[in-house]
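Subject: A structure for you to explore

Hi there,

Here is the structure I promised to pass on to you. Have a look at it first, and then read on for what turned up in it.

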Amino acid sequence: MSDELPADGRLCFDAYQVDLRTGELRKHGTKIHLAGRPFQILALLLEQPGELLTRNELQSRLWPADTFVDFEHGVNAAIQTLRRALCDSHKKPRYIETLPRRGYRFIAAVESVPPDAGTKPSSPPPDQHPALAEPCSEWVGQVATICGEAGRHYVLLPVTEEILGEMCNCEAASDDLGISLLVADEKLLLVSCGTKVKILDASNAALGCNVRILGGQFVGERAFAPRAYLSELS
């Protein structure tokens with residue numbers, strides 16, 4: 001696989017800024033860990049926003065030496081990791097749209113970042129709030145439903161936000177053994193889609209919420225649910 005990025009320079013969309021030269025993703029100036037194939041897929045999508053990036057093109061550019069089975073597993077895991085980093089949803093995408101059996105398309109507006117623009121966020125006007133200030137305090141105490149991508153019956157919920165970072169690192173490195181060890185240590189909980197959870201803390205709502213699981217094998221346990229896995233929040 002080539003480590004070369006498809007373009008040079010800095011791009012931005014919504015609250016995110018991508019530096020294709022250094023392989024960095026930031027949100028409101030805060031660096032978000034995203035490396036390896038998930039970042040390379042993002043770079044390819046940003047190379048032609050609004051255009052279809054086919055699965056065949058992904059395979060030829062990023063998985064040229066792998067078998068079809070390895071590619072299918074790898075690209076699905078990489079897209080999931082990328083969506084989590086962008087707090088995006090498969091069912092209601094803001095950034096990455098899936099075209100079934102064909103590929104993916106970046107659907108948000110993309111702009112170039114001026115060369116002299118810094119990475120620190122500017123202060124919003126007094127009457128405005130940054131995107132992180134989602135309606136989070138209102139969510140505390142609400143009941144949400146765990147959801148996954150179409151066709152999936154289970155999701156892995158990390159027990160803390162820190163374990164989410166470990167899980168994303170394992171997925172980016174295709175470290176299935178690392179994921180299995182986290183599951184064996186019950187640092188990752190296998191939770192059925194459709195399970196109800198109660199929101200306990202939403203101070204980092206753009207990334208996810210701390211929740212109490214209300215049903216299934218792990219009823220009563222606490223976990224950190226990525227925002228893309230939470231539905232029916234108002």
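What percentage of the contacts in the chain with a separation of 6 or more comes from residues 24 or more positions apart? The share is 59%. Please keep in mind as you read that this is a predicted model.

**The chain as a whole**

The chain has 234 residues, and 42% of them count as buried. Along the chain you will find five helices and 15 strands.

**A sheet to trace**

Try following the open sheet of five strands, whose order is β14-β13-β12-β9-β15 with antiparallel pairing. At its edges stand β14 (222-226) and β15 (230-231); each has a single partner strand, so one side of each has no neighbour in the sheet. As general background, strands of a sheet pair through backbone hydrogen bonds, and they can do so in a parallel or an antiparallel way.

For one pairing in detail, look at β9 (residues 143-146) and β12 (residues 196-201): the two run antiparallel and are joined by three bridges. Within this pairing, Val143 faces Lys198, which stands opposite in β12.

**A buried arginine**

Is Arg55 buried or exposed? With a relative accessible area of 14%, Arg55 is buried, because the cut-off for that class is under 20%. Arg55 belongs to helix α2 (residues 55-62). Setting aside the neighbours within four places in sequence, Arg55 is in contact with Phe71, Glu72, Val75, Asn76, Arg101, Arg102, Gly103 and Tyr104.

**Aromatic rings**

There are five aromatic pairs in the count. One of them is Tyr95 with Phe106: the ring centres are 6.2 Å apart and the planes lie at 20°, so this pair is stacked. In this pair, distant parts of the chain are linked, with Tyr95 in the loop between α3 and β6 (96-99) and Phe106 in strand β7 (residues 103-106), eleven residues apart. In case the two values are new to you, a pair of aromatic rings is described by the distance of the centres and the angle of the planes.

Both partners are buried: Tyr95 has a relative accessible area of 2%, and Phe106 has one of 1%. If you colour the rings, you can also pick out a cluster in which ring pairs link Phe13, Tyr16, Tyr95 and Phe106.

**The largest pocket**

How much space lies in the largest pocket? It holds about 440 Å³. Its lining is made up of 20 residues, and Lys31, Ile32, His33, Glu161 and Leu207 are the closest to the centre. The elements that contribute two or more residues to this lining are β4 (30-32), α3 (68-85) and α4 (161-172). The largest share, five residues, is given by α4. Sorted by class, the lining of the largest pocket has ten nonpolar, six polar and four charged residues.

**Cavities inside**

Two cavities of 30 Å³ or more were counted. The volume of the second largest cavity is about 50 Å³. Which residues line the second largest cavity? They are Arg37, Trp63, Gly74, Ala77, Ala78, Glu171, Ala172 and Ser174. Here α3 and α4 are the elements that give two or more residues to the lining, and the largest share, three residues, comes from α3. The classes in this lining are four nonpolar, two polar and two charged residues.

**Two backbone angles to check**

Most residues other than glycine have a negative phi. Asp14 is not a glycine, yet its phi is positive, at about 50°. You can find Asp14 in the loop between β1 (10-13) and β2 (16-19), and it is exposed, with a relative accessible area of 60%.

Glu186, another residue other than glycine, also has a positive phi, near 55°. The place to look for Glu186 is the loop between α5 (176-184) and β11 (188-192). Its relative accessibility is 47%, so Glu186 counts as partly exposed.

Enjoy exploring, and write back with any questions.

Best wishes

Key
Residues are numbered from 1 along each chain as its sequence is written. This is a predicted model: local features need pLDDT of at least 70, side-chain atom pairs count only at pLDDT 80 or more; totals for chains, interfaces and linings use all residues. Side-chain values use heavy atoms; hydrogens and water are left out. Two strands pair if DSSP finds at least two bridges between them. Helices (H or I, at least four residues) and strands (E, at least two) are DSSP runs, numbered from the N terminus. Buried means under 20% relative accessible area, exposed over 50%, partly exposed in between (1.4 Å probe, protein chains only). Contact means heavy atoms within 4.5 Å. On a 1 Å grid over the protein atoms alone, a cavity is a set of points where a 1.4 Å probe fits but cannot get out, and a pocket is an open set with protein on both sides within 12 Å along at least five of seven lines; lining residues have an atom within 4 Å of a point. Grid points are joined across faces, edges and corners, and a volume is the space filled by probe spheres set on the points. Ala, Val, Leu, Ile, Met, Phe, Trp, Tyr, Cys and Pro count as nonpolar, Asp, Glu, Lys and Arg as charged, and the others, Gly among them, as polar. Rings of Phe, Tyr and Trp (its six-membered ring) pair if their centres lie within 6.5 Å; planes under 30 degrees apart count as stacked, over 60 as edge-to-face and the rest as tilted.
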